[in-house]
Amino acid sequence: MADWPAVLRTERTDIIVRRIRARTALASLALTALTAAAATGCAFALRDLGPLPPRFSGPPLPADTVVSEMTSILAAEGITVEREPSGGLGKCHERLSGRHAPETMDAALTAAFARARSEHGWQPGPDLGGEMLTLTKNNWTVLTSISGEVPPGWQAPVLLSLTCVEGDDTSTAPTAPSAPALTPAPASS
């Protein structure tokens with residue numbers, strides 16, 4: 001009778017181990033089924049769609065061209081702006097700033113952006129909501145805000161931010177080293 005408690009403990013341990021193994025096997029089957037379902041269901045989403053579309057359409061425009069065009073569009077609506085030094089902003093960031101009468105600034109900026117779309121080929125940019133105006137053309141985006149509060153007797157500030165997406169310039173792009181040519185070994189006789 002001295003061995004009786006050890007026998008009960010062993011049987012109880014065996015039952016616990018069997019239950020753990022059964023749960024593990026069931027979890028393994030469920031995981032296998034989920035993996036198979038995911039592989040089957042995601043096969044459509046993972047198909048090759050080819051190369052990505054270009055980040056912008058048309059040839060990349062130089063900064064001087066875009067600044068000159070935007071300056072002349074704004075001047076046609078009576079807004080005088082000057083190009084600010086780009087300083088640390090980099091070659092893909094330009095700023096145009098100036099001052100205009102607050103009574104007509106919102107209407108003049110809206111008309112200038114409409115002129116850019118109708119006469120110069122600019123497209124509406126991303127909708128940023130609120131009082132933001134945006135335009136895009138080739139690799140450039142122009143952004144400005146309207147409806148700023150100005151104290152009486154002061155000129156309203158006009159600030160346009162021009163940002164570009166780097167163009168693909170193959171002349172300055174590093175080239176990948178070519179793979180060594182494989183030549184067949186001489187045939188042994």
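A polar contact is a pair of N or O atoms within 3.5 Å, where, within protein, one atom must be able to donate a hydrogen and the other to accept it. In the predicted model shown above, the side chains of Ser-97 and Glu-84 satisfy this criterion, with a polar contact of 2.8 Å joining them. The following paragraphs place that pair in the architecture of the protein.

The protein comprises three helices and six strands. Their order along the sequence is α-α-β-β-α-β-β-β-β. The chain has 189 residues, of which 19% count as buried. Its exposed surface amounts to about 13900 Å², and carbon and sulfur atoms supply 61% of that area. When contacts between residues at least 6 apart in sequence are considered, 56% of them join residues at least 24 apart.

Ser-97 offers a starting point for a closer view. This residue is found in strand β2. Ser-97 counts as partly exposed because its relative accessibility is 21%, and buried would require a value under 20%. Beyond its neighbours within four places in sequence, Ser-97 is in contact with Thr-80, Val-81, Glu-82, Glu-84, Val-158 and Leu-159. A further relation concerns Leu-160, which lies 63 residues away from Ser-97 along the chain, while the C-alpha atoms of the two are separated by 6.4 Å.

Glu-84, the polar partner of Ser-97, also takes part in a charged pairing. Side chains of opposite charge can pair when their charged atoms come close. The side chains of Glu-84 and Arg-95 meet in a salt bridge, at 3.2 Å from N to O. Arg-95 belongs to strand β2 and Glu-84 to the loop between β1 and β2, so the salt bridge ties together parts that are eleven residues apart in sequence. Glu-84 is partly exposed, with a relative accessibility of 24%, and Arg-95 is likewise partly exposed, at 31%.

The structure holds six salt bridges in total. Among them is the one between Arg-83 and Asp-64, with an N to O distance of 2.7 Å. Because Arg-83 lies in strand β1 and Asp-64 in helix α2 (residues 63–76), this pair ties together parts that are 19 residues apart in sequence. Arg-83 also forms a salt bridge with Glu-94, where the closest N and O atoms are 2.9 Å apart. Here the connection runs from strand β1 to strand β2, so parts that are eleven residues apart in sequence are tied together. Asp-64, Arg-83 and Glu-94 are thus linked in a network of salt bridges. Within this network, Arg-83 is partly exposed at 38% relative accessibility, whereas Glu-94, at 6%, counts as buried.

A covalent connection complements these charged pairings. A disulfide is a covalent bond between the sulfur atoms of two cysteines. The structure holds one disulfide, formed by Cys-92 and Cys-164, whose sulfur atoms are 1.8 Å apart. The angle about the S-S bond is -50°, and the link of Cys-92 and Cys-164 is left-handed. Cys-92 lies in the loop between β1 (80–83) and β2 (93–100), and Cys-164 lies in strand β6 (residues 156–164), so the disulfide ties together parts that are 72 residues apart in sequence. Both Cys-92 and Cys-164 are buried.

Methods
Residues are numbered from 1 along each chain as its sequence is written. This is a predicted model: local features need pLDDT of at least 70, side-chain atom pairs count only at pLDDT 80 or more; totals for chains, interfaces and linings use all residues. Side-chain values use heavy atoms; hydrogens and water are left out. Helices (H or I, at least four residues) and strands (E, at least two) are DSSP runs, numbered from the N terminus. Buried means under 20% relative accessible area, exposed over 50%, partly exposed in between (1.4 Å probe, protein chains only). Contact means heavy atoms within 4.5 Å. Accessible areas come from the Shrake-Rupley method with a 1.4 Å probe; for residues, only the protein chains shown count as cover. A disulfide is a pair of cysteine sulfur atoms within 2.5 Å. A salt bridge is a side-chain nitrogen of Lys or Arg within 4 Å of a carboxyl oxygen of Asp or Glu.
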